[in-house]
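Welcome! Take a moment to look over the sequence and the model, and then we will walk through a few parts of it together.

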Amino acid sequence: MYDDEPVLLHTEGRVLHITLNRPRALNALTHTMVRRIDEALSAAQDDDAVTAVLISGAGDRGLCAGGDIRSIYEDARAGRSASLDFWRDEYRLNARIARFPKPYVALMDGIVMGGGVGVSAHGDVRVVTERSRVAMPETGIGFVPDVGGTRLLAAAPGELGTHLALTGQAVNAADALVCGLADHFVPSNRLTDLTTALSRSATPAEVTDTVLRYTDTPPEGELVSQHPWIDDCYAADTLGEIIERLMDSGIPAAKETAETLRTKSPTALVVTLAAVRRAKRLGSLEEALDQEFRVSCRAFTGPDLVEGVRARIIDKDRNPRWNPALPGDVTDADVARHFEPLGDQELGLSSH
C-alpha cells in the first residue's frame, strides 16, 4: 500500500527496482529513505545476480520533489541538527550513485527537484518524459543548490546552469537534455514497456540498447533560443551586475528573469553564484559535495532558510522577509563564511 513502506525494493530479471513510495508527499526524501536506498545499492553492488538498478517514483506526479522541507524547517527552528546528519548521508548517497559500478537507470518522469535530482541525475542512464519538470529551486526558500547540483549545473553549456541555479526554473525534457541533466527522452506511455524490457537486460550494453529502442524526439524547449542573452547577462561578475544586464537587455524574458531574481533570498543568490563558479574549478563530484555540505550547514544556521520555508510551505503567504533584504547588503564576509571549513565536522568525501 502507498506510503506504508517509503522505499519499495524488488527484482525483475536481473534488475533491482527501487521505488520511492511517498506519492502523497511527491516522494519527498526522508533520512530513512536515504539510508534504505544506500543499503540497497551497497548490497546490489556485490550481488552478481543484479546487473542494473532502476529508480522510479510511485504515483503519477513525479519521481521526487526533493527533501522533506517541513522537517528541516522544524529542525532549524528548534535549534537541533538532525538535518545536518540527513545531508551528510544524502550527499554520500549521491556520490555512491555517481560511482556505482553497474548501470543505474533513473526514470525522471514528472516532478524531479532538489534531492530528486540527486538520486537521478548522477546516474548512468537518465530518462525524461514529456511530463518531466526538472529543477533545483533552493534559492526560493533561502537555501543553495546541493546534492551535487552545483557541479551538474556548472557543467551545463555556457551560463545555462547559472541561470537555472539562481532562478530555480523548472525545465522540460528538451532543456534537461541540453543542460546535461538527462540522457534520453522516452514518452511516458512507453515507460511500462521499457521497464519490462529492461528486466531482460543481462549486460550494461543491453541496458543502454534497450533504452534507445524506446526513445523519441522531445517536445521543444526554451533554453536554446534564450541561450545568447543568458550567456551575455550571466557573464557579469556580480549578482547586481547580472540583474542590471537582464533589466537593460531589452528582452522581455530577460527582464522577467530579473524580476524573478528579486523575489529570491539575496544571500542565497549571492552564495549560489559563488558556489556554481567555484564548482566549475573543482576536480570531482566529491569535492563539490564537500563544498555543498559546508554551504548547507552555514545556510541552516542563517535566517533565510527558516523564513523562506515559512513563507512558501508553512504560512504560504509568499511574502518572505529576507535578511538582508537586498543583494547589495550581502557582504563578502557573509559569502566567505559559507565556504569556511567545518573542522572535524567536514563531510570529507574528497579525502577518501
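Strands S5 (residues 104-108) and S7 run parallel and are joined by four bridges. One place to find this pairing is Met-108, which stands opposite Val-128 in S7. Keep in mind as you look that this is a predicted model.

S7 also has a partner in strand S9 (residues 184-185): these two run parallel as well, and two bridges join them. Here Val-127 has His-184 of S9 as its bridge partner.

Is S7 covered on one face or on both? Both faces of this strand, which spans residues 125-128, are covered. Val-125 and Val-127 are buried on one side, and Arg-126 and Val-128 are buried on the other.

Next, the helices. H13 (residues 266-281) has 16 residues, and from its first C-alpha to its last it reaches 24 Å, close to the 22 Å expected at 1.5 Å a residue. Because 12 of its 16 residues are buried, H13 is largely enclosed by the rest of the structure. The buried residues include Pro-266, Leu-269, Val-276 and Ala-279.

In helix H15 (residues 303-314) you will find Glu-307. Its relative accessible area is 11%, and residues under 20% count as buried, so Glu-307 is buried. Leaving aside residues up to four places away in sequence, Glu-307 touches Asn-319, Pro-320 and Arg-321.

Now for the empty spaces. Rolling a probe the size of a water molecule over the atoms shows where such space is left. The table sets out the largest pocket and the largest cavity.

| Space | Volume | Nonpolar lining residues | Polar lining residues | Charged lining residues |
|---|---|---|---|---|
| Largest pocket | about 760 Å³ | 16 | seven | 11 |
| Largest cavity | about 60 Å³ | eight | one | no charged residues |

How many residues line the largest pocket? The lining has 34 residues, and those nearest the pocket's centre are Ala-65, Gly-66, Gly-67, Ile-69 and Ile-313. Helix H2 (69-77), helix H3 (82-99), strand S6 (111-113) and H15 each supply at least two residues of this lining.

As for cavities, the count comes to one of 30 Å³ or more. Which residues line the largest cavity? Look for Val-117, Val-134, Ala-135, Met-136, Leu-153, Leu-164, Gln-169, Val-171 and Leu-181.

Terms used:
Residues numbered from 1 in each chain as written. Predicted model: local features only at pLDDT ≥ 70, side-chain atom pairs only at ≥ 80, totals over all residues. Heavy atoms only, no water. Buried < 20%, exposed > 50% of the residue type's maximum accessible area, 1.4 Å probe, protein only. Pairing = 2+ DSSP bridges. Contact = heavy atoms within 4.5 Å. Expected span 1.5 Å × (residues − 1). 1 Å grid on protein atoms, 1.4 Å probe; cavity = no way out; pocket = protein on both sides within 12 Å on 5 of 7 lines; lining within 4 Å. Points joined across faces, edges and corners; volume = space filled by probe spheres on them. Nonpolar A, V, L, I, M, F, W, Y, C, P; charged D, E, K, R; others polar.
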